[in-house]
Amino acid sequence: MAEHERLGRALEESVRRSCEGKRVAIAFSGGLDSGMVAALASKYARSVTCYTCGTDDSFDVAAGRELAEKLGLPWVQCRISEENIENTIREFILATGVSDPFTITYDLQLFTVCREAEERIVLTGQGSDELLNGTNNIVTDSDDEYERLRAWGMDRLMKVSVPCETTIARHFKKKLFYPYLDHAVMEAVEALDTDILRPKTLDERKAVLRAAASDLGFPEVSGRIKKASQYGSNTTELIRSMARQKGVRYNRYISDIYEGQGLRSANRLRDAAVDVRVDPILLYDAEKILEEKGMTHSEAVAALYRKMVKEGNLDFLDE
């Protein structure tokens, strides 16, 4: 069996199980990953509608409209603009409780799709970049750095992005499916030789998925290119523009919206608030321990501070 055949069959079966006979929405950038999911879904679902988040002049909106037309599928733009971006971020924060600017910018597109989709089931191409080395750095990095960043990407995906997206879907009473994160699909990818999985040039990225698309009869999908969703949708540039208008940095703009919801307010007559930012993966791992111990964030920080005051130093951190 050719390298791409097992991957193509596993991906098709995953899509079939998630949508057969149902009305489904596709979080659709018009690129290879979501295009493949949409094309496969059109073979099995009762109906398929493609939803693309972006500004009117964004790369993704143009690409999504074009590919949906080629596939013969209905297409809907989930429009973001200067007029609605701040309210959308505010809704996102209130729905998820997420404060990390990167996560908000990265997952805002799925948020708008879940908010606007009429269908209960939403399929996404999320996970393909992490599995199939779709990012730019995979060509230039050393072998050790490549392995480290690939592991970090999967870690962040499973511990940060997927929990956030699951919360988004639940908020809008949607059921979210990740065909690329299906066990059989991941096994098919892991069975590939590193030489096949890791391209030598940027143009060779995801060659195995492109071959699978062609083999399954979707040549209009196999040649698609895309940008990272936060850039292809113009979300990042839109937020930068809003931050500049307010005279603050990008992260400060997001933080001001978050804090404006009262999520970090404290009664200063009784308590003092400590504003702490940590890596989202570290936060995920730490929260697992806190949950096992039955402790809150505040209790953990207070315990650290008491120990620090008692010892008069931070030497115990080196123990």
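A crossing of two helices is right-handed if the near helix is turned clockwise from the far one by less than a right angle. With that in hand, here are some close-up views of this predicted model.

**View 1. Helices α1 and α11 cross right-handed.** Helix α1 spans residues 3–19, and helix α11 spans residues 207–215. Their axes come within 8 Å and cross at roughly 70 degrees. Angles of 65 to 115 degrees count as roughly perpendicular, and α1 and α11 are therefore described that way. On the α1 side, look for E3, H4, E5, L7, G8 and L11. Facing them from α11 are V208, L209, A211, A212 and D215. What is the make-up of this contact between α1 and α11, in nonpolar, polar and charged residues? The residues divide into 6 nonpolar, 2 polar and 3 charged.

**View 2. Helix α5 packs against helix α14.** Here the axes are 10 Å apart, and the angle is about 120 degrees. Helix α14 covers residues 235–246. The angle makes α5 oblique to α14. The crossing of α5 and α14 is right-handed. In this view, T105, L108 and Q109 of α5 meet T235, T236 and I239 of α14. The contact of α5 with α14 includes 2 nonpolar and 4 polar residues, and no charged ones.

**View 3. F102 and Y106 form an aromatic pair in helix α5.** The structure holds 3 aromatic pairs. In the pair shown here, the ring centres of F102 and Y106 are 5.7 Å apart and the planes lie at 15 degrees, so the pair is stacked. Both residues belong to α5, which runs over residues 101–116. Because F102 and Y106 are 4 residues apart in that helix, about one helical turn separates them. Is each partner buried, partly exposed or exposed? F102 counts as partly exposed, with 41% relative accessibility, while Y106 counts as buried, with 17%.

**View 4. F111 and F172 meet edge-to-face.** The centres of these two rings are 5.0 Å apart, with 70 degrees between the planes. Which parts of the chain does this pair tie together? F111 lies in helix α5, whereas F172 sits in the loop between α8 (143–171) and β5 (175–177), so the pair links parts that are 61 residues apart in sequence. F111 is buried, and its relative accessible area is 1%. Please keep F92 in the frame too: F92, F111 and F172 form one aromatic cluster.

**View 5. K173 has a positive phi.** Most residues other than glycine have a negative phi. K173 is not a glycine, yet its phi is positive, at about 60 degrees. This lysine is found in the loop between α8 and β5. Where F172 was shown in View 4, the setting was that loop as well. With 68% relative accessibility, K173 counts as exposed.

**View 6. N234 also has a positive phi.** For N234 the value is about 75 degrees, although N234 is not a glycine. Where does N234 lie? The place to look is the loop between α13 (229–232) and α14. Helix α14, shown in View 2, begins at residue 235, and T235 is among the α14 residues that meet α5.

Conventions:
Residues are numbered from 1 along each chain as its sequence is written. This is a predicted model: local features need pLDDT of at least 70, side-chain atom pairs count only at pLDDT 80 or more; totals for chains, interfaces and linings use all residues. Side-chain values use heavy atoms; hydrogens and water are left out. Rings of Phe, Tyr and Trp (its six-membered ring) pair if their centres lie within 6.5 Å; planes under 30 degrees apart count as stacked, over 60 as edge-to-face and the rest as tilted. Buried means under 20% relative accessible area, exposed over 50%, partly exposed in between (1.4 Å probe, protein chains only). Axes are lines fitted to C-alpha atoms, for helices over the stretch in contact, and angles run from 0 to 180 degrees between N-to-C directions. Angles under 35 degrees count as roughly parallel, over 145 as roughly antiparallel, 65 to 115 as roughly perpendicular and the rest as oblique. Contact means heavy atoms within 4.5 Å. Ala, Val, Leu, Ile, Met, Phe, Trp, Tyr, Cys and Pro count as nonpolar, Asp, Glu, Lys and Arg as charged, and the others, Gly among them, as polar.
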